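Visitor: I should like to understand how the terms used for a protein model are justified. Please take me through some examples.

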Amino acid sequence: VALLVAFQIMGWFTPMPVLVMAVRGTAGLLLVSLTGALGGLIFDRILRGPALRTRSYAGIVGVVLALPAASFALTMPQAAAPVAPIDPETYEVRTLAAGLDRPWAIAILPDGRLLVTEKAGHLRAIAPDGAIGAIDLDMLPPIHTGGENGLLDVVPAPDFASSGTLYLTMTYGRDGAVGTRLVRARLVGDALTEVRILFSSAPGSSDSNKGGRLVLLSDGTLVLSIGDGNDTREQAQNPDSALGKLIRVDRNGRVPPDNPFAHRAGVAAAIFSAGHCHAQGLAVDPADGSLLISDHGPRGGDEIGRITPGGNHGWPIATEGIDYSFARVTPFRQVPGYEPPLHIWTPSAAPAGLAIYDGTMFPEWRGALLVPMLRGRSIRILERRGGRITSERSLLAERDERIRDVKVAPDGAILVLTDGQEAELLRLARAEAPKLRSAIVRAGKSSCHARFPFCASPGIGAALPMTQPR
């Protein structure tokens, strides 16, 4: 028991893969602990006399009890700093659809319909009047569901209005051997047809950390995120593996000739960037065409990054992440040659997507990053200036719900997908004038004057009845 606890404590401090990889599972921890059996027998023979043996065992027990407390004190991440919320009186939220089963992604179609994927293997079509229909997916290849697996992203082609082309991502395989797959299909009526598999990652040994986010670049190529597989996280630095990478292919699944490693021996030609953990957010910046990413860490080290073709973002060699065992994943927060993040969350806030606001309804947010948070239970608004993130505020924090995805609608409203078995699709829009005036009054920002029928008396803080338009 003492050896078992000792190795667990060592795992909290020892950077991977020296020991953490060996004790990541219960079987590995037991096997490593059993290697101390011979040493334990020798130790027992050396001790002579019951009194000495008793004192020695008492000392061992004392160390075993003291070390975990000290270890947790040193390795537990600090509490997250509070994030200023955006006043909920300044926006209105309307439910477009309810009762969704573990939805994952939103897509906006030219005819006003919204597509929502559900991890159980369903694709829902939501009409402008709120009616929810089902898309027939019988032509898709088998989808492996359960846990983090299932039907993931859906992205319409730029010419969807004429071609009906959709791109979808999903997991496939079996328990203990699951990969990530990208397919192309045509939506004809309420069914997918002409399905073609464009890319499949090799099945990993874990059922988690599969990535699955997809984005179309301005040149028409597709970039897909592949997770590190959790138990196989070292593969994020393996140049011949798709795990922990961004993959770039064209619309037929071929490797573009200008991919950074298209002509390099020993490197998978489809790799666009490396060193990612569990990226579930991808967005093209309309300002300069650059690709931005949001990436999960384990208990911390969640990141926003800017992708450089051929760049390496360091996971798991360089990160501020805290492992699930509360150890530091690595002693190196930054290493020369690896791409530094733009923003970091430790402890984890679990960013599940990414959008860049380019609408007109909220001009004050134009150019800001919208990051849906699962553990953070809000949307984070990251404002930028000169390529740097300058501030962070929370949106919808008052609902206290896990947020799975976010998209910007053509009219500038924000579409929000909550997470879970009874999830909702929400539309967030600017509050109408009476609500805004009420908010201003309550904040004490208006002065009392006979010209303004909505003013509040100093020190009272209550709005008078609004009987006239502003």
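Guide: The following dialogue treats aromatic rings, a charge over a ring, and a pair of strands. This is a predicted model, in which local features need pLDDT of at least 70 and side-chain atom pairs count only at pLDDT 80 or more, while totals for chains, interfaces and linings use all residues. Residues are numbered from 1 along each chain as its sequence is written, and side-chain values use heavy atoms, with hydrogens and water left out.

Visitor: Why is the pair of tyrosine 357 and phenylalanine 362 called edge-to-face?

Guide: Rings of Phe, Tyr and Trp (its six-membered ring) pair if their centres lie within 6.5 Å; planes under 30 degrees apart count as stacked, over 60 as edge-to-face and the rest as tilted. Here the centres are 6.1 Å apart and the planes stand at 70 degrees, so the pair is edge-to-face.

Visitor: What makes tyrosine 357 and tryptophan 365 an edge-to-face pair?

Guide: Their ring centres are 6.5 Å apart and their planes lie at 85 degrees, so this pair is edge-to-face. Tyr357, Phe362 and Trp365 form one aromatic cluster. Both tyrosine 357 and tryptophan 365 are buried (under 20% relative accessible area, with exposed over 50% and partly exposed in between, for a 1.4 Å probe and protein chains only).

Visitor: How do you know that the charged end of arginine 181 sits over the ring of tyrosine 172?

Guide: The term requires NZ of Lys or CZ of Arg within 6 Å of the ring centre and within 35 degrees of the ring normal. The charged end of arginine 181 meets this description, 3.9 Å from the centre of the tyrosine 172 ring.

Visitor: What makes strand S15 mostly covered?

Guide: Six of the seven residues of S15 (residues 278–284) are buried.

How values were computed. Helices (H or I, at least four residues) and strands (E, at least two) are DSSP runs, numbered from the N terminus.
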